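Let's take a friendly walk through this structure, from the inside out. Please have the sequence and the 3D view open as you read.

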Amino acid sequence: MKQQINNKFSIKESAGYACGDVASNFYWRVFDVFLFIFYTDVFGLSAGAVGTMMLVTRLIDAFSDPLMGAVADRTKTRWGKFRPYLLWGIIPIVAAGVLTFTVPDLDDSGKLAWAYCTYIFMMLAYTFINVPYGALLGVITGDSQQRTLLTSFRFIGAFSGGSLVAYLTPELVNYYGGADQVLGWQLTMLTYGVVAAALFFISFISTTERIQPVAEKSAPVLQDIKDLFNNKPWLILFSLALIIMMTITLRGSSGTFYFKYFVEREDLIGSFSLAYMLSLGVGAASTPILTKFFDKKTLLFILMIAVTVLSALFYFVQKDQLWLIFSLQIAIGFCLGPKSPLVFSMYADTADFSEWKTGRRATAMIFSAAAFAQKLGGALAGAMMGWLLASLGYVANQAQSLESQHGIVLLMTLLPAIFALISVFVIRLYPLNDNKIIDIQGQLNDQKQETISNEQA
C-alpha cells in the first residue's frame with residue numbers, strides 16, 4: 001500500500017480541488033469583509049446587536065462542525081466519503097446566501113429574528129459542504145510535502161475567489177441595485193451562488209479519494225471526540241487557528257469601516273481589499289518554496305512575528321498616507337498567505353498522528369476542527385468588534401466621533417497585533433515536525449501492508 005502514501009496527483013486534480021475553495025470564498029470572503037457593514041449600514045441593525053448576533057449564531061453553528069465531521073467520516077458511497085457532499089450541498093448554500101442578504105419588510109424585532117435565522121441557516125449550509133471539502137485533502141494524498149503543495153493550490157484558489165469578491169462586490173451591488181442596495185445584494189449573492197455551484201461540481205468530478213484507514217473500525221461519535229481531546233497536536237492547532245482567525249477577522253471586517261469612516265475614501269474599499277487578497281494569494285503560492293527552507297512550524301512562527309510587528313506599525317500611519325496604508329496591508333497579506341496552507345497541511349498530519357495512536361482514522365472530524373476554530377474565532381472577533389463600536393458611539397452612515405474613529409483604528413491595528421503575538425507563543429507548543437511525520441507515515445504504511453498480507457494469507 002506504499003503507493004497510497006506516495007501517490008502523486010496531477011495538476012488537473014490540484015486545480016479541480018482548488019475550485020472548491022474558490023466557490024467557498026464567494027461566501028466566506030463576503031462574510032469576512034462585508035457582512036458586518038451590511039448588517040449595520042444596509043440591514044439597519046445596531047453595531048452592538050450585530051456583535052451579539054455574530055457570537056450567538058456562530059457559537060451555535062460552530063458545534064455543528066464536529067457533528068458534520070462525524071457524519072462525513074461514516075458516509076459510504078460509490079463516490080467516496082467526502083466528495084458527494086460537494087453535490088448535495090449546492091442547493092442549500094445557494095438558497096442560504098440569497099436569504100441572508102434579503103432585508104424583509106418587518107419591524108426591528110422581526111428583522112433581527114430574520115437575521116438570526118437566515119445567518120444560522122447560511123453557516124449550517126456552509127458547514128455541510130465545507131467540512132467534507134476540507135477533509136478531502138486528507139484522503140487525496142498521504143505525503144506531507146504533497147499535502148502542503150495541494151493545500152497551496154487550494155488557497156491560491158481561495159485567495160483568487162476572495163480577490164474577485166473583494167473587488168467586484170461593491171461594483172456588482174451598485175450595478176444590480178443602483179440606489180436600491182437591498183436588491184443589489186440579493187442579485188449579487190444569486191450570481192455568486194450560480195458560479196459557486198459550477199465550481200463545486202468541477203471539484204467533485206476532478207478529485208479522487210485514495211487514502212483509506214488501516215482497517216475499518218466502527219466507533220461511536222463520542223469516541224471520535226475523545227480521540228480529538230487526546231490528540232495534543234490537534235488541540236494546539238485548534239487553539240492556534242482560533243487565535244489567528246481573530247487576527248484575520250478583526251482586520252478583514254474592520255477594513256471597510258477603516259476606509260469609509262477613518263480614511264474617508266469609500267471608493268478605495270474595493271482596491272484595498274483586492275490588494276490584500278492578491279498579496280494573500282502570492283503568500284499562499286510561495287508556501288511550497290518556503291517549506292523547502294523552513295520546517296512548517298518554524299515558518300509559521302516567523303510569519304506571525306512579522307504580522308505582529310506590521311500590524312502594530314499600522315497604528316501610527318496617518319489617514320492621508322495611502323501609499324503606506326496599502327504597502328503595510330500588502331506586506332501583512334503576504335505574511336498571512338502561507339498560514340492557511342501550513343495549518344491545513346498540519347491538520348492532515350494530525351489525522352495521521354491520530355490513526356497512528358488510536359488505530360482509527362476520523363479525517364473529517366479532524367478537519368471539522370479547522371472550521372470550528374475559524375467560526376469560533378470569527379464569532380469572538382465579531383462580538384468584540386460590535387461591542388467596541390457600540391460602546392464608542394458608532395452610528396451607521398454618519399460622520400463618526402473621534403472616539404469611534406479611534407476604535408476603528410484599534411480594530412484594524414493594535415488588537416490584531418495582540419492576537420498575532422499570542423499565536424507566536426502557541427506555535428512553540430506544537431510537537432510534530434517533518435521527521436516525526438515521516439516516521440509516523442512509515443509505521444502506518446507497514447501496518448497497511450501487514451493487514452493486506454494477513455488478508456491474502
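## The nonpolar core

In this predicted model, the largest nonpolar core is made up of 136 residues. Those with the most contacts inside this core are Tyr 27, Tyr 39, Phe 257, Tyr 258, Phe 259, Met 304 and Leu 389. Helix 11, spanning residues 232-262, supplies the largest share of the core, with 18 residues.

Which residues does Phe 259 touch, leaving aside its neighbours within four places in sequence? Phe 259 is in contact with Glu 264, Arg 265, Glu 266, Leu 268, Ile 269 and Phe 272, and also with Leu 322, Ile 325 and Phe 326.

## A buried glycine

Now turn to helix 8 (residues 144-177), where you will find Gly 161. Is Gly 161 buried or exposed? Gly 161 counts as buried because its relative accessibility is 0%, and the cut-off for buried is under 20%.

With neighbours within four places in sequence left aside, Gly 161 is in contact with Val 22 and Asn 25. For a sense of distance, you can pick the C-alpha atoms of Gly 161 and Met 245: they are separated by 19 Å, and the two residues are 84 apart along the chain.

## A nonpolar patch on the surface

In soluble globular proteins, nonpolar side chains tend to be buried together. Here, though, is a nonpolar patch on the surface: Ile 289, Phe 293, Phe 294 and Ile 302 make one of about 410 Å².

One of these residues, Phe 294, sits in the loop between helix 13 (287-290) and helix 14 (296-314). Phe 294 has a relative accessible area of 33%, so this residue is partly exposed.

Definitions and conventions. Residues numbered from 1 in each chain as written. Predicted model: local features only at pLDDT ≥ 70, side-chain atom pairs only at ≥ 80, totals over all residues. Heavy atoms only, no water. Core = buried A, V, L, I, M, F, W, Y, C linked by side-chain atoms within 4.5 Å. Buried < 20%, exposed > 50% of the residue type's maximum accessible area, 1.4 Å probe, protein only. Helix = DSSP H or I, 4+ residues; strand = E, 2+ residues; numbered from the N terminus. Contact = heavy atoms within 4.5 Å. Patch = residues over 30% accessible without salt bridge, like charges linked within 9 Å, V, L, I, M, F, W, Y side chains within 5 Å. Areas by Shrake-Rupley, 256 points an atom, 1.4 Å probe, with all protein chains shown as cover. Salt bridge = Lys/Arg side-chain N within 4 Å of Asp/Glu carboxyl O.
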